[in-house]
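Let's sit down with a model and work out how to read the places where its parts meet. Questions come from the learner, replies from the teacher.

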Amino acid sequence: MSRYAMVIDTRTCIGCGDCVVACKTENNVPAGLNRDWIVEATNGRYPDLTTEFRSERCNHCSHATCVYSCPTGASHYWRGTNIVLVDPGKCTGCKACIAACPYDARLIMRPEGYIDKCTFCHHRVEVGKDPACVSTCPTNCMHFGRIDEPESLVSRLLRERRSKTLLPETGNQPNVYYLV
Amino acid sequence: MNLNRRQFLKLSGSAAATATVAGSGLLTGCSSGPRRPGTGEIASSPTICDICFWKCAGTVYTENGKPWKVVGNPDDVHSNGRLCTRGTGGIGSYMDRDRLTKPLMRVERNGKQVFEPVDWNQALNFIASRMRKIAEEQGEDRIALFSHGAGGAHFKHLLKSFGADSYAAPSFAQCRGPREVAFKLTYGEGVGSPDRTDMENSRCIVLIGSHIGENLHNGQVQTLTRAIENGATLITVDPRFSVPAGKSKHWLAIEPGTDIALLLAWMNVIIGEELYDKDYVNKNTTGLPQLARHVRPFTPEWAWLQTGIEPDKIRASARDMAAAAPATLIHPGRHVTWYGDDTQRSRAIAILNALLGSWGRPGGFYYQEKVKLPKFPLPKYPHAKTTEKIANKGKFPFASSGVTNAVIDASIGEDAHYKGWFIYGTNLPMSLPGITHKLRQAADQLDLVVVVDIVPAEVIGYADIVLPECSYLERYDDLRNSPERIPSLALRMPAFEPLGDSKPGWWIAKQLGERLGLEKYFPWNDYSEVLDWQLKQVGSSLEEMQRIGVKNFHRKTPEYLDDDAPFRFGTPSGKIELYSQQLKDAGFAPMPVYTPPQKPPEDYYRLIYGRAPAHTFGRTSNNPLLFELMPENAVWVNPIAAQRWGLNSGDYIRLKNTEGTMSNRVRVRVTERIRPDSLFMAHGFGHTERGLRLASGVGANDAELMSHVKIDPIMGGTGMRSNFVTLVKEEV
């Protein structure tokens, strides 16, 4: 199966939020809701400090607890990939997936009430484009591609650089990687 | 009714002509998965972003006739196809429901002055008659233009056609002025905008109070991050652990106001240890012996006492700079009006770059080129009796552009020179420090105040007439022809019909021109005719540019200096002037001198302000997309200070300056990322105009707290970092 991953370089990410706005306009995400967001982590005491900025979103987990917990099949893997989508037509808004997601990556659409989330911009991926966030990032710190292909940029980056994922201990096998 | 006695006006519900915009409708009900955006009917057109002044070229998309998104044009050298946060949010400036959509006129109703919507004819006739009156009584030259943004050019043209040639923008005396003047004194030319910094090739970059990454000038961010990827050494000098500080090898948490001491100590090390580029300095500069003598006392140990930075760190960072030279960039910064000796500090930066041989070398500063684009043929402008230089009254001998604060001063008092103001896209009360009192005085005696803007910024409160311009997404403006690495033209064209009764700047200027008998300066029906003519002179056309948006040309001049060929710099000596005879002759120090800054009184903190990536000054605070990303600013407080005042993150406080001026309430952000003796806040918040329904009353405005402004005697800049504030807890 095609396994898509996002690889984000925290060394160059500046936490500017362009990815957030790009997602919002690309996907017409309603006011007050966001499919991606910025986390700023500061460690240490003045003046011995480190900071890390991260652009976060759904991890499109290879073992997606949201998909397995959905009682109606609305949460599903898209065309045999790891891209997790929600079918609004099947979603009853029960929120089991919200409880199951370790990343708090799901939102309740308003006013309709179904569950929405990052799609990895599957409508762009299927025509060979990067997700909107990746393609707009002014620092070029975001990369997207298939990690089941060893020669893809994302595979090479993960081989050559040290990386981490968020909450790997959940066993969800997340597919958003952070280069550190 | 005496219109000269101006009460400060804010929009009331009745006058605020509310904009209505087709909402971005959400399509639902697709049974096979979430909706795929972009599968409807798509249309696109080129634009140049106007959200900041980097002027990135992009493409505006609509889906099924509704505004969808703006993305960068891949052929554009300013953006490389990637707009920044604000540019991506640019579509929000069209969707802003508080946009001005009707001309507003100050009238008296029931003993109170209010704004009333009027039609264009009435507004334009009023302005033309006031302009004629000023011309008859005082002279055409007595009208000044404040401007910021591409569309200001139309009003500059109008006023020059009329015989008024006084122009000032905050981008000079409130921003880049000192560095432009300093670099011109040193190298014979300024840094310019976009900055000619060659960061993508730098091996060492030094940022002094410049927080690129929070300050989101697109090309600067892109090239800085390229340098980080390439493993360049970053050195950041900042009282705050800024975003780039977090990516730096050396963060020098300097005591605010002591930067010149550090720069002198760096020169001391680089000259003392003979780390400077001897061939380059011998060939290209003049004044090294004087400079060497001048900096000899300023050892790292001396600087330690001033800056708080350990001597070892000063030496280590200087050696790192020298090791990477000439691919070392001591970044000149952009907003550099801090302490009133800013031209001298910028001179120190210019000199340090010269010692390292970085000017005209890869990784330092490169030479830019623009397109030789003929001007549309028009009759010669009439002679203007005076220019804005008259406002300087013999002061600021090196001011190379209009000084906003001087023009305001020259509009006050019995001997006031100016009788009328045009204010284009410039929110004066938030752009200039502590200026509201003077603006009131000026407004009280001016015969005409015209504001042209797309939203009701606070400055409308001083206006007789407010003219609603349409946003950059709804109009043509001049072609972008900025100096860059490669010569390049870009087109802005309307993507949407103007909202309500708003109009493009070119249309407003032409209408006024016609009412003033200046038709011969406006011989077009549509401004696109001007662009088409210009484009045809350089082998393109409007039709082509409407398709491609950006056209790049081949360079004809070298990008870097030739080490083996002689080069004449544009200074009097033809050399890079480490010692400035020009400054000496005008009565200023020929080499930078350090003056210790004033210390804060007890319980007061130095107020430091800066940029946030989501906003451009206060211009975007009401943009719904950007407002959502960052609705308010917060005051950064070190935990030591927070404990002293019993504050937690999220608490509301007010800031009070040494004169007792109190800010709007603002939230605290307790963070280790700021020195214990300083507070930081992003500029551009704390709007008071109620017509800005999102931004009004949210966050605090730094500009109103600046009662101590140190004027740079060399060029008139307003030093804004000399202000101290204390914290006042919100009463429960």
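What follows is a short dialogue on a predicted model.

Q: Let's start with the two chains. How many residues of chain A are in contact with chain B?
A: As a general idea, people often express interface size as the accessible area lost when the parts come together. Here we can count residues instead: 40 residues of chain A are in contact with 47 residues of chain B.

Q: Which element gives the most to the side of chain A that touches chain B?
A: That's α1(A), with seven residues. Elements supplying at least two residues each are α1 (18-26), β2 (37-45), β3 (48-56) and β5 (84-86) of chain A. By class, this side of chain A has 17 nonpolar, 16 polar and seven charged residues.

Q: Now chain B. Which domains does the assignment give?
A: Domain 1 covers 195-367 + 568-585, and domain 2 covers 605-729. Their centres, taken over C-alpha atoms, are 28 Å apart. Domain 1 of chain B puts 17 residues into the contact and domain 2 of chain B puts in 23. On the domain 1 side, that's seven nonpolar, six polar and four charged residues.

Q: How do the axes of α5 and α12 of chain B cross?
A: In general, you describe two packed helices by the angle between their axes and the distance between the axes. For α5 (170-187) and α12 (342-356) of chain B, the axes come within 8 Å and cross at roughly 45 degrees. So α5(B) is oblique to α12(B), and the crossing is right-handed.

Q: Which residues make that contact?
A: Among them are Phe183(B) and Leu185(B) of α5(B), and Ala350(B) and Ile351(B) of α12(B). The contact has nine nonpolar, three polar and three charged residues.

Definitions and conventions. Residues numbered from 1 in each chain as written. Chains lettered and ligands numbered in written order. Predicted model: local features only at pLDDT ≥ 70, side-chain atom pairs only at ≥ 80, totals over all residues. Contact = placed C-beta atoms within 7 Å. Helix = DSSP H or I, 4+ residues; strand = E, 2+ residues; numbered from the N terminus. Nonpolar A, V, L, I, M, F, W, Y, C, P; charged D, E, K, R; others polar. Domains from an automatic or database assignment. Axes fitted to C-alpha atoms, helices over the stretch in contact; angles between N-to-C directions. Parallel < 35°, antiparallel > 145°, perpendicular 65-115°, else oblique. Left-handed = near helix turned anticlockwise from the far one by under 90°.
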